[in-house]
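Me: I am just starting to learn how to read protein models, and I would love some help with this one. Please start with a quick overview and then stay with a single part for a close look.

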Amino acid sequence: MKKLLTISAIAGALFAAGVADANAGSRSGSITGPRGTTTFSGSRSCAGGVCSSQGSVTGPYGGTISHQGSSTCSGGTCSGSGVVTGPRGGTVSYTRTISR
C-alpha cells in the first residue's frame, strides 16, 4: 500500500508540474532521504497553442516512473492527455479538463 501511495504521489507531482507551469523549459535535480537518492528530470515545450511535457523520476532502488503528455488552453479552459509509465512497464492513460 505504501508503495502504491508513493507511486501515486510521484505521478501526481509530474502531472501537477505539467499543468501548473505553462512556460517552456526543463528541470532536473535530486532529493536524498533516509532510504537513498531520488532523481527527477522533465521538460516542457509550447508551439502553436499546444504544450508538450515529459518527465521521469527514478527512486533510490532504481525504479523509474515516466510521463508524457500534451495540453491546450482556450477561453479559460485547458484540456490535455498523457500517459504515465510505471517501473514495471505498466501504463495509465488520462485525459483532463480544467476550467477557471
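What percentage of the 100 residues of the protein count as buried? After that, please walk me through strand 3 (residues 50–58) and what surrounds it.

Reply: Happy to help! Of the protein's 100 residues, 18% count as buried. Please keep in mind that this is a predicted model. Its average pLDDT is 84, and 77% of the residues score at least 70. One stretch to treat with care is residues 15–21, where the pLDDT is below 50. Beyond near neighbours in sequence, that stretch has eight contacts in the model. Where pLDDT is low, the predicted coordinates should not be read in detail.

Now for the overall layout. The protein has one helix and six strands, and from the N terminus on they follow the order α-β-β-β-β-β-β. Its accessible surface is about 6,500 Å², with 57% of that belonging to carbon and sulfur atoms. Among contacts with a separation of 6 or more, 18% link residues 24 or more positions apart.

With that in mind, let us turn to strand 3, which spans residues 50–58. Try reading its residues by face. C51, S53, G55 and V57 make up the covered face, while V50, S52, Q54, S56 and T58 make up the uncovered one.

Next come the partners of this strand. Strand 2 (residues 36–47) pairs with strand 3 in the antiparallel sense, over nine bridges. One pair to find in your view is A47 with V50, which are bridge partners. The hairpin of strand 2 and strand 3 has two residues between the strands. In this hairpin, G48 takes a positive phi near 60°.

Strand 3 also pairs with strand 4 (residues 64–74). These two run antiparallel as well, and nine bridges join them. Here you can look for S53, a residue of the covered face, whose bridge partner in strand 4 is G69. The hairpin of strand 3 and strand 4 has five residues between the strands. There, G62 takes a positive phi near 95°.

There is also a covalent detail to follow. A disulfide is a covalent bond between the sulfur atoms of two cysteines. In this structure, C51 of strand 3 is joined to C46 by a disulfide, with an S to S distance of 2.1 Å. The torsion about their S-S bond is about 110°, so this disulfide is right-handed. How exposed are its two ends? C51 has 13% relative accessibility, so C51 counts as buried, under the cut-off of 20%. C46 has 35% relative accessibility, so C46 counts as partly exposed.

For comparison, here is the other link. The structure holds two disulfides, and C73 and C78 form one of them, with their sulfur atoms 2.0 Å apart. This link is right-handed too, with 110° about the S-S bond. C73, at 53% relative accessibility, counts as exposed, because exposed means over 50%. C78, at 22%, counts as partly exposed. When the bonded cysteines are counted along the chain, the disulfides follow the pattern 1-2, 3-4.

To put the picture together, follow strand 3 once more in your view. It pairs antiparallel with strand 2 and with strand 4, and its C51 is tied to C46 by a disulfide.

Conventions. Residues are numbered from 1 along each chain as its sequence is written. This is a predicted model: local features need pLDDT of at least 70, side-chain atom pairs count only at pLDDT 80 or more; totals for chains, interfaces and linings use all residues. Side-chain values use heavy atoms; hydrogens and water are left out. Helices (H or I, at least four residues) and strands (E, at least two) are DSSP runs, numbered from the N terminus. Buried means under 20% relative accessible area, exposed over 50%, partly exposed in between (1.4 Å probe, protein chains only). Contact means heavy atoms within 4.5 Å. Accessible areas come from the Shrake-Rupley method with a 1.4 Å probe; for residues, only the protein chains shown count as cover. pLDDT is the predictor's confidence in each residue, from 0 to 100. Two strands pair if DSSP finds at least two bridges between them. A disulfide is a pair of cysteine sulfur atoms within 2.5 Å.
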